[in-house]
Amino acid sequence: MKTGIFPIILYGLLIVLPLFTAAVVMPSYDKVFTFEAAKALALMIFAILMLQPVLAGRFKWIERPYGLDIMLRFHKYMAMFVTAVIILHPLGISTGYHGTSILYSADVYWPVWFGRSALLVLLLSMLFSLTMVTNRLPFERWRLLHDILNPLLLILIFVHSYFTGIDLQARRMQYLWYVYFAAALGVFCYHRLLRPRLLGRRRYTVTGIVTEAPDVHTVTLVPAPGQKIFPYLPGQFHFLTLHRGPGLPVEEHHFTLSSSPSQKEYLSSTIKTLGDFTATIARTRKGDTATVHGPFGRFSHTLHPDDRDLVFIAGGIGITPLMSMLRFMRDTGDLRPVTLFYANRDESSIVFKKELETIAVSKSANLSLVHILEKPDRDWQGEKGRLNGDMIKKYCGADLQGKTFYVCGPPGLVAAILKILAALDIGQKRIRTEIFSFVN
């Protein structure tokens, strides 16, 4: 994580740079504190908003130390922070020279309307994000609105601040504003327009689609002739856009890589039907093509070589990153002990059942496999119900010191497991989790 200090420092410096520059080139002598605070706040808000496309731009040198899921959550929290704080800006300005009429009067300097419009756009963007999180707005529709509103917001904020900001009378401040604005729009256009076209020139081809369990399918991809798959770590994920037959959606979604990095010829992702797009996965055919962008994520045992005694806990399709790790450990002869607790509704829901059993008896791995079924058949001989602390101690021993827990599954299961591990006095440093969704 030491490598993650530099992006944090750089981000902080870029936020305060406009404020510092203004203090140097346009020292203020106004005595109204709230007015000066509102101006300072506006300078930092501008910088934060112009950096938002960078946070969401999937630049690996930025996200690598933290993981893309953390980066996108930080992006979301900064948007929430700006939305809350930006309301204070006009209130502070109204206490200065302009008076409260600036808050409601129609007879104002024309760039003020750009500021008002920017606040409205920001509130709409937050509202659409909220409705998407609550499943009232489809993801693709939300992203389209997001892609329309965000550049509009940047333009409105730039025009408003450029023509109303007292500090922007200085030439050096104007140059700084040009740089921030151009960088923000440039990053946005690269991320949403140019990069997809560049990736589309190196399309992968679907070579297989296998049903692993009801509503669960593995899609196998190979690169174009003469190309190599990108290097990745077991447990990481990629963004996948499938180009298939007429009537099937062309949408980008992130899926875990369930294949082992030791397999250099192909990639595979195992996908469960959870929404409108994933419901069409079974209609994917050999010969279809795909645009792939990756890898991303830090949920991998290879990033933690000191983890010597591993406990994997998975629920449903949450097995996919752990399966990638297990396959890699088998392929490389990694004999670190692993206890896998795998929770499912019933036996038919177990993904990779036969392969997991094969790995468990393989001399190339050291896997103890524990299946837990919520609604098993009468002849089921394994664990029943839900995973609890007693089960963990039963298979891992009463002394859990020295073990590291990797947890992946639906949000409800992950939350429940974290409570169980806390009750077992397992510290946060020995728990590694994978967050399925970027928006919750």
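A residue counts as buried when its relative accessible area is under 20%. With that cut-off in hand, a good place to start in this predicted model is strand β9, which covers residues 367-373. Of its 7 residues, 5 are buried, so the strand is largely enclosed by the rest of the structure.

Next come the neighbours of β9. On one hand there is strand β8, made up of residues 338-344, which pairs with β9 in the parallel sense over 7 bridges. Within this pairing, Leu 340 sits opposite Leu 369 of β9. To get from β8 to β9, the chain passes through helix α10 (residues 353-361), and the resulting β-α-β crossover is right-handed. Strand β9 also pairs with strand β10, a stretch spanning residues 383-384, again in the parallel sense but over 2 bridges. Here Leu 373 is found opposite Lys 384 of β10.

Now for a pair of helices. Two packed helices are described by the angle between their axes and by the distance between those axes. For helix α1 (residues 5-25) and helix α2 (residues 33-55), the angle is about 145° and the axes lie 9 Å apart. The crossing of these two helices, α1 and α2, is right-handed.

What do α1 and α2 bring to their meeting place? From α1 come Tyr 11, Leu 14, Ile 15, Pro 18, Leu 19 and Ala 22, and they meet Ala 40, Leu 43, Met 44, Ala 47, Ile 48, Leu 51 and Leu 55 from α2. Sorted by class, this contact of α1 with α2 holds 13 nonpolar residues, with no polar and no charged ones.

Definitions and conventions: Residues numbered from 1 in each chain as written. Predicted model: local features only at pLDDT ≥ 70, side-chain atom pairs only at ≥ 80, totals over all residues. Heavy atoms only, no water. Buried < 20%, exposed > 50% of the residue type's maximum accessible area, 1.4 Å probe, protein only. Helix = DSSP H or I, 4+ residues; strand = E, 2+ residues; numbered from the N terminus. Pairing = 2+ DSSP bridges. Right-handed = clockwise from strand over helix to strand, strands pointing away. Axes fitted to C-alpha atoms, helices over the stretch in contact; angles between N-to-C directions. Left-handed = near helix turned anticlockwise from the far one by under 90°. Contact = heavy atoms within 4.5 Å. Nonpolar A, V, L, I, M, F, W, Y, C, P; charged D, E, K, R; others polar.
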